[in-house]
Amino acid sequence: MIGLIKKEFAWIQMLEQEGVLYQLLDTIPDQYDYPIIINRSLNQYELQQIQKLLNHGTCILTDTFNLEKIKPDLKFASRKNRYLLNDGTDIFNNITAIDYQYAGHNKIFQSEYGNGNIIAIPFHINQALLDTGNERKPFYYPSRKFPSEITAKVNKGVIRKLVINCIRKLYRKMNLNYAHLWYYLNQMQSAFAFRVDTDFGPESSLQATFDLEDKTGIKFTYFVNTKAHPALANNKRDFQIHCYEHLVYKDYQRNYDNIHKAKSILEKSGINPIGFVSPYGLWNQHIQKAIEDNKLKYSSEFSFAYDDLPLFPVIENRWSGVMQIPVHPICIGRLVHASLSQDQCLDYYQKYFDKQLQANEPIFIYDHPHRIIQFPDIFYKILMRAKQLPDIWLTNMTEFYHWWQARLSTLKQSQWQIKQDQLHINTQNQTDKIFLHIITPDQTETFIPLQQGIYNLQNLSYKNIIKPIMDKTEIANYPKLKSRRTRMQINFYQCIDKILDKIKG
Ligand SMILES: [Zn+2]
């Protein structure tokens with residue numbers, strides 16, 4: 001299994017999101033049959049060991065800071081980069097650009113070395129992924145104004161995808177089968193969920209949302225503003241917590257009290273909430289602690305993460321026990337603000353759905369009842385488009401939380417190994433819902449239920465992996481998101497954000 005030489009939050013998080021097995025290596029071994037992640041600086045002896053491993057064909061994933069030591073003839077000019085654009089190689093599969101500002105080399109280094117291979121990322125991965133800052137960010141759509149929202153500064157999901165693409169490539173280079181726990185129930189290609197934040201919608205808009213849920217047959221998850229909607233009947237819909245006061249505070253106590261009050265109101269209606277989403281998608285350490293202490297299980301804040309697999313925030317130098325389930329941060333209101341027509345709104349989501357499905361990433365979107373009653377037809381169309389996607393798992397936020405938790409505990413209780421053509425699985429897992437996804441060195445793939453036993457890989461049926469289609473115009477247009485003109489637009493909204501922030505207290 002893949003080797004990791006230092007226990008770091010972000011690395012372990014990504015490997016668990018991917019569902020791969022890894023081994024912590026205290027020392028650099030003389031021989032290793034799988035790729036190794038070099039995520040700390042090495043001493044002279046260790047550098048020699050690494051060179052030996054590379055000569056024997058072991059592949060290495062590291063950063064350019066370590067690479068300069070491994071290959072002293074290489075020197076990388078450091079400069080300020082606003083982003084890292086898709087370079088056309090396969091490690092950028094399903095990635096338009098890495099949205100991360102850093103000082104360092106402006107390319108990802110990929111090269112053969114001895115009989116092995118090195119890939120070096122030009123920034124510190126752990127540092128990038130532990131960033132909890134937020135900023136107003138534009139999202140690309142071919143329109144005069146770009147839709148924008150206050151989101152996490154670092155797009156964590158895209159860095160994870162890059163790292164996983166690198167690891168998969170190194171497995172291929174080492175002629176190894178790559179196996180990981182599949183992300184979704186059975187062999188579904190993606191999952192769809194619709195999150196509704198009730199905000200200040202009048203009763204009629206809630207009813208319109210219930211009607212939409214029934215008409216589409218997709219199960220929604222409602223995050224209730226309990227001050228505006230105190231008396232919800234427990235009518236078999238999935239009700240969770242948005243807030244009592246529609247505010248996020250800068251301290252712990254007021255956040256705790258706000259969530260607690262909302263929770264008590266829902267409990268009076270016979271509802272036992274386990275999920276939460278914060279007003280405006282805002283996140284800070286205090287709110288995370290307040291969610292934990294209210295004994296909730298999951299939350300979703302796009303100013304912490306968006307367009308990613310579930311993850312666990314790190315606070316007080318430890319994992320939080322509350323799972324973060326990211327959504328796509330752009331709702332219809334943001335598109336309307338950017339002057340998109342109704343057809344363009346539909347097109348925006350269709351493009352987003354296609355992109356996520358192709359990348360096997362979740363398709364979780366959110367909106368509000370007051371928008372649903374305003375544009376019922378467009379919502380119906382968007383949801384039906386999602387429903388018609390091939391091999392899509394129609395789920396909701398709470399069901400997906402339970403799924404992901406089950407997948408994580410299965411990962412921690414299972415081992416597998418491929419020797420020649422034999423797959424050995426050692427697991428307590430009894431269900432037939434969790435699958436291993438196997439990618440062969442010649443780029444075919446197969447799925448097999450994760451169940452105790454020894455299986456001959458030659459008896460499985462394989463499908464060729466099709467190279468993902470990348471939207472070249474989107475890559476070419478990406479720099480527009482960082483242009484002076486866009487910055488001016490964003491600055492204007494930031495001024496409004498600041499005024500609103502004062503009003504919100
Ligand atoms: Zn809200």
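**View 1. Helix α1 and its buried residues.** Let us start with α1, which spans residues 9-18 and buries Ala10, Gln13, Met14, Leu15, Gln17 and Glu18. Here a residue is buried if 20 or more other C-beta atoms lie within 10 Å of its own, exposed if 12 or fewer, and partly exposed in between, with C-beta atoms placed from the backbone. The model shown is predicted: local features need pLDDT of at least 70, side-chain atom pairs count only at pLDDT 80 or more, and totals for chains, interfaces and linings use all residues. Residues are numbered from 1 along each chain as its sequence is written. Helices (H or I, at least four residues) and strands (E, at least two) are DSSP runs, numbered from the N terminus. The buried residues of α1 pack against β2 (22-24), α4 (125-129), α5 (156-173) and β13; contact between two residues requires their C-beta atoms, placed from the backbone, to lie within 7 Å. Right after α1 comes Gly19, with a positive phi near 80°.

**View 2. The open sheet that includes β13.** Strand β13, a packing partner of α1, belongs to an open sheet of four strands in the order β13-β26-β27-β29, with antiparallel pairing. Its edge strands, each pairing on one side only, are β13 (178-181) and β29 (463-464). Two strands pair if DSSP finds at least two bridges between them. Between β13 and β26 (residues 435-439), which run antiparallel, there are four bridges. To find your place in this pair, look for Tyr178, which stands opposite Ile439 in β26.

**View 3. Strand β15, mostly covered.** Six of the six residues of β15 (residues 220-225) are buried. Phe220, Tyr222 and Val224 point one way, while Thr221, Phe223 and Asn225 point the other way. In a regular strand the side chains alternate between the two faces of the sheet. The pairing of β15 with β14 (residues 190-197) is parallel and runs over four bridges. One pair to look for is Val196 with its bridge partner in β15, Tyr222.

**View 4. Lys236 in the loop after β15.** The loop between β15 and β16 (238-243) holds Lys236. This lysine is exposed, because 7 other C-beta atoms lie within 10 Å. The C-alpha atoms of Lys236 and Ile382 are separated by 24 Å, with their positions 146 residues apart along the chain.

**View 5. Helices α7 and α8 in contact.** Two packed helices are described by the angle between their axes and the distance between the axes. The axes of α7 (residues 252-268) and α8 (residues 285-293) come within 8 Å and cross at roughly 40°. Axes are lines fitted to C-alpha atoms, for helices over the stretch in contact, and angles run from 0 to 180 degrees between N-to-C directions. So α7 is oblique to α8; angles under 35 degrees count as roughly parallel, over 145 as roughly antiparallel, 65 to 115 as roughly perpendicular and the rest as oblique. The crossing is right-handed, meaning that the near helix is turned clockwise from the far one by less than a right angle, whereas an anticlockwise turn is left-handed. Tyr252, Asn255, Tyr256 and Ile259 of α7 meet His286, Ile287, Lys289, Ala290, Ile291 and Asp293 of α8.

**View 6. Helices α10 and α12, another packed pair.** Helix α10 (residues 342-358) and helix α12 (residues 376-387) have axes 10 Å apart and an angle of about 20°, which means that α10 is roughly parallel to α12. Their crossing is right-handed. From α10, Gln342, Cys345, Leu346, Tyr349, Gln350 and Phe353 meet Ile378, Lys381, Ile382, Arg385 and Ala386 of α12. Gln350 counts as partly exposed, because it has 15 C-beta neighbours inside 10 Å. From Gln350 to Tyr366, 16 residues apart in sequence, the C-alpha to C-alpha distance is 15 Å.

**View 7. Two positive phi values, at Ser339 and Asp391.** Ser339 is not a glycine, yet its phi is positive, about 65°. This serine is found in the loop between α9 (332-337) and α10, and is exposed, with 11 other C-beta atoms within 10 Å. Asp391, in the loop between α12 and β23 (392-394), has a positive phi near 50°. Asp391 counts as exposed because it has 12 C-beta neighbours inside 10 Å.
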